[in-house]
Amino acid sequence: MVTKTDDETAETAEATTAEATEAASETPEVTKEAEATDAVEAAEGTGGDADADLDDEPFAPAAPVEDSSGAGQGAGAVVSAALGVVALSGSWVATVASARESLIGQLQTSQGASVAKQVSEVYGDSWHATALVGGIFALLALIVGAVVLARPAFGAPGKPQAVWIKSVAWAGVSLGILGLLLAVAKYTDILMALPSASS
């Protein structure tokens, strides 16, 4: 009987040891699961607060995007330079005005008029009309170029103007000044005056 009791005691001790081992092995798993659950709940709580904060904060309106191409200023500069070239080289408007003045001079000059009067009426007025049209084109070139160069000071003071726009605008202004000086010289007979003729 003593042997049987010892066997039972040994079995009971082994069972108790096995149960204690199982309980010890299950305890970390339960602890890990509890920690994971707490972490998830904490994360969800933080996310909810963050979403609430984002919803409460007003969104700032986006700043308007400015057109940085300067297409209008570039076009103005090109137009200014083109007008300056037309003022120096002539245009069909000047040709038509010259032909019209020549025709009017021929119609108004009688057959018995002096040579000096005929030259003045037929060729002089025609020459002055050409100079006048050239001066108008030169003045337009000068005005457009000056407006393009002065545009940044009035529209966007802090925004620099493209270098090529400045260059072309300055070219237009220069051609305009030169064309205007030539037009005044031709109109006042300082440059290429009419030849003198006997009366």
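What span should the 40 residues of helix α4 (residues 115-154) have at 1.5 Å a residue, and how far apart are its end C-alpha atoms? The expected span, taken as 1.5 Å times one less than the number of residues, is 58 Å, and the end C-alpha atoms are 56 Å apart, which agrees. Helix α4 nevertheless contains a kink of about 30 degrees, centred on Gly-124; the bend at a residue is the angle between axes fitted to the seven residues ending there and the seven starting there. Helices are DSSP runs (H or I, at least four residues), numbered from the N terminus.

**Basis and confidence**

This is a predicted model, in which local features need pLDDT of at least 70 and side-chain atom pairs count only at pLDDT 80 or more, while totals for chains, interfaces and linings use all residues. Residues are numbered from 1 along each chain as its sequence is written, and side-chain values use heavy atoms, with hydrogens and water left out. The predictor's confidence in each residue, pLDDT, runs from 0 to 100. Its mean for the protein is 74, and 62% of the residues reach 70 or more. Among the elements, helix α1 (residues 2-56) has the lowest mean pLDDT, 53, and α5 the highest, 93. Where pLDDT is low, the predicted coordinates should not be read in detail.

**Salt bridge and exposure**

Side chains of opposite charge can pair when their charged atoms come close. The whole structure holds 1 salt bridge, defined as a side-chain nitrogen of Lys or Arg within 4 Å of a carboxyl oxygen of Asp or Glu. Arg-100 and Glu-101 form a salt bridge, with their closest N and O atoms 3.9 Å apart. The table gives exposure classes by relative accessible area (buried under 20%, exposed over 50%, partly exposed in between; 1.4 Å probe, protein chains only).

| Residue | Class | Relative accessible area |
|---|---|---|
| Ser-89 | exposed | 58% |
| Arg-100 | exposed | 53% |
| Leu-191 | partly exposed | 31% |
| Asp-189 | partly exposed | 30% |
| Glu-101 | partly exposed | 24% |

**Ser-89 and the segment after α5**

Ser-89 belongs to helix α2 (residues 71-89). Its C-alpha atom is separated by 8.5 Å from that of Gly-134, 45 residues apart along the chain.

Asp-189 lies in the segment after α5 and has a positive phi of about 65 degrees, although it is not a glycine. Leu-191 is also placed in the segment after α5 (163-187). Together with Leu-88, Leu-178, Leu-182 and Met-192, Leu-191 makes a nonpolar surface patch of about 420 Å².

Key:
Helices (H or I, at least four residues) and strands (E, at least two) are DSSP runs, numbered from the N terminus. Patches are made of residues with over 30% relative accessible area and no salt bridge: like charges are joined within 9 Å, nonpolar side chains (Val, Leu, Ile, Met, Phe, Trp, Tyr) within 5 Å. Accessible areas come from the Shrake-Rupley method with a 1.4 Å probe; for residues, only the protein chains shown count as cover.
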